[in-house]
Each structure stands twice: as C-alpha cells, then as structure tokens.
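Work through the exercises below with the structure open beside you. Try each task before reading its solution.

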Amino acid sequence: MQERRLKGVNFHGTLRALERRYGDDVLVRVRSRVEGPGGVALRDGEIVTNGWYPASWYDALLASIEREVPSRATDDGVCRELSRAAVVEDFSTLFRVISLVVSPRSALVNATRIVSRYVDGGRITVIDAREGHIHFSFDEFHGYTRRMWDDFLGGIEAVIELMRLTRLPSRVISGGQDGDARFEVVIRYQAQR
C-alpha cells in the first residue's frame, strides 16, 4: 500500500511549536538534520502549507526533533507534546466557541472529520462514545510510525484541553508502533471541577 500523505501545515505547525517551546537554536539544528528528500525539501522551502507530502517526510522531521530534544522520563514524548501545543495554538479560539454549544463527547467524535484536511486518506471509526470515554480505531494509515501515532494522540489530547476537560491516561488497545497502519485507542477524560 502507498503511504499516506500529510498536508504541509502539519510540518509548519510542528516547527512553530518547536521554536516556541525550545527556541530558535533548536529549530535551526532540527531543520538542518532532517534526513532524506523531506529534509532537502524543508531546507529549500519547498514544503508549502497547502501541499501534500509523504508520511515518511513528516516522520523524518519528527525523528530529527526526537534526536535533538530527547524525551524526559516523566513526559509523554516530545512529538506528542509538540502536537498538543500546535493544535492548542491553532484552534484555541474555535474550541472556546464550540465548547459553549457542543458537548465534549460530540466535539471529540466530530473532530475526527477534521483529520481529512490534514491527512490524505485513512479511516477513523468511533467504536464507542460515552461521556468520559471515546474508543477510536484508525485504519489504513500506511507509513505511520510510533512518532506519528504519538503526534496524533497529542492532537486528540489538545482537543480535550481546549474543551476545558481533564485528560485521563489513554489506553492503547492495539497498534501505535512503526509500520502499524491500524491504531486503536481509548481516550478518557472528565469534566474539570
């Protein structure tokens, strides 16, 4: 199967979050060390916001970030952290408005529709959705790696944060590793007190 393609906005959002969180020095080092054709395209300014690029190019960026900013034992990993930060910045106003008129469960279920604007293909199924618990299955995400699944989870966690909910530990049912085109996870949350 052909690997999925991701929109350039994913690259740019991640790089903005990296720079805000870790500074310009880290950004410069990461950009200079992205391997392969994706790294060349990134350094030459050929990755545009509305373009579509191979999943492997995005993974090369995430791998470079992991090498430059090793995760601390107590955090969720830098890819997940940066994804959360990028989504919170990009959508904070939108989700504040949505949270006034839509239930958290409904917002999380419908947020999966937004994914098609950022990833070309793949299928997302909501297996079970009740207040405080959503069971997702992501299928046919060819070319995805552990880093990219962490990035995906970070985006979902950002939606929870933007809805002013408390994120509880997620439970991975299956997948989420290098080469897994299928990932199944239960996302848990509760209303803030």
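Two strands pair if DSSP finds at least two bridges between them. Keep that in mind for Arg123, whose bridge partner in β5 is Asp139. The model is predicted.

**Exercise 1. The four-stranded sheet**

Task: Find the order of the strands in the open sheet of four, and say which strands stand at its edges.

Solution:
- Start with β4 (residues 123-130) and β5 (residues 133-139), which pair over seven bridges. The sense of the pairing is antiparallel.
- Check one position along the pair: Asp128 stands opposite His135 in β5.
- Look at the link. β4 and β5 form a hairpin with two residues between them. In the turn, Gly132 has a positive phi of about 90°.
- Now read the whole sheet. The order is β4-β5-β7-β6, with antiparallel pairing.
- The edges are therefore β4 and β6 (165-175), since each has a single partner strand. One side of each is left without a neighbour in the sheet.
- Neighbouring strands here are turned by 20° against each other on average, direction ignored.
- Add the helix: α7 packs on this sheet and touches β4, β5, β6 and β7 (183-191). The direction of α7 makes about 20° with that of β7.

**Exercise 2. The three-stranded sheet**

Task: Which strands stand at the edges of the other open sheet, and which helices pack there?

Solution:
- The open sheet of three strands has the order β2-β1-β3, and its pairing is antiparallel.
- β2 (52-54) and β3 (119-120) each have a single partner strand, so they stand at the edges.
- Strand β1 (residues 5-7) is joined to β2 by three bridges. One of the residues to look for is Lys7, whose bridge partner in β2 is Trp52.
- Helix α1 (residues 8-22) lies across β1 and β2 and runs at about 60° to β1.
- α4 packs on the sheet too, touching β1 and β2. Its direction makes about 75° with that of β2.

**Exercise 3. Two partners of α4**

Task: How is α4 oriented to α7, and how to α2?

Two packed helices are described by the angle between their axes and the distance between the axes.

Solution:
- Take α4 (residues 55-68) with α7 (residues 146-162). They pack at an angle of about 85°, with axes 9 Å apart.
- Angles of 65 to 115 degrees count as roughly perpendicular, so α4 is roughly perpendicular to α7.
- From α4, the contact uses Ala55, Tyr58, Asp59, Leu62, Ala63 and Glu66. From α7 come Arg146, Arg147, Met148 and Asp151.
- Sort these residues by class: five are nonpolar, none polar and five charged.
- Next take helix α2 (residues 24-33) with α4. Their angle is about 130° and their axes are 9 Å apart.
- α2 and α4 are therefore oblique to each other. The crossing is right-handed.
- α2 contributes Val26, Arg29, Val30 and Arg33 to the contact, and α4 contributes Leu61, Ser64, Ile65, Arg67 and Glu68.
- By class, this contact of α2 with α4 has four nonpolar, one polar and four charged residues.

**Exercise 4. Aromatic rings**

Task: How many aromatic pairs does the structure hold, and which residues form one aromatic cluster?

Solution:
- Rings pair if their centres lie within 6.5 Å.
- The structure holds 15 aromatic pairs.
- One cluster is formed by Phe136, Phe138, Phe141, Tyr144, Trp149, Phe152 and Phe183.

Technical notes: Residues are numbered from 1 along each chain as its sequence is written. This is a predicted model: local features need pLDDT of at least 70, side-chain atom pairs count only at pLDDT 80 or more; totals for chains, interfaces and linings use all residues. Side-chain values use heavy atoms; hydrogens and water are left out. Axes are lines fitted to C-alpha atoms, for helices over the stretch in contact, and angles run from 0 to 180 degrees between N-to-C directions. Angles under 35 degrees count as roughly parallel, over 145 as roughly antiparallel, 65 to 115 as roughly perpendicular and the rest as oblique. Contact means heavy atoms within 4.5 Å. Ala, Val, Leu, Ile, Met, Phe, Trp, Tyr, Cys and Pro count as nonpolar, Asp, Glu, Lys and Arg as charged, and the others, Gly among them, as polar. Rings of Phe, Tyr and Trp (its six-membered ring) pair if their centres lie within 6.5 Å; planes under 30 degrees apart count as stacked, over 60 as edge-to-face and the rest as tilted. A crossing is left-handed if the near helix is turned anticlockwise from the far one by less than a right angle, and right-handed if clockwise.
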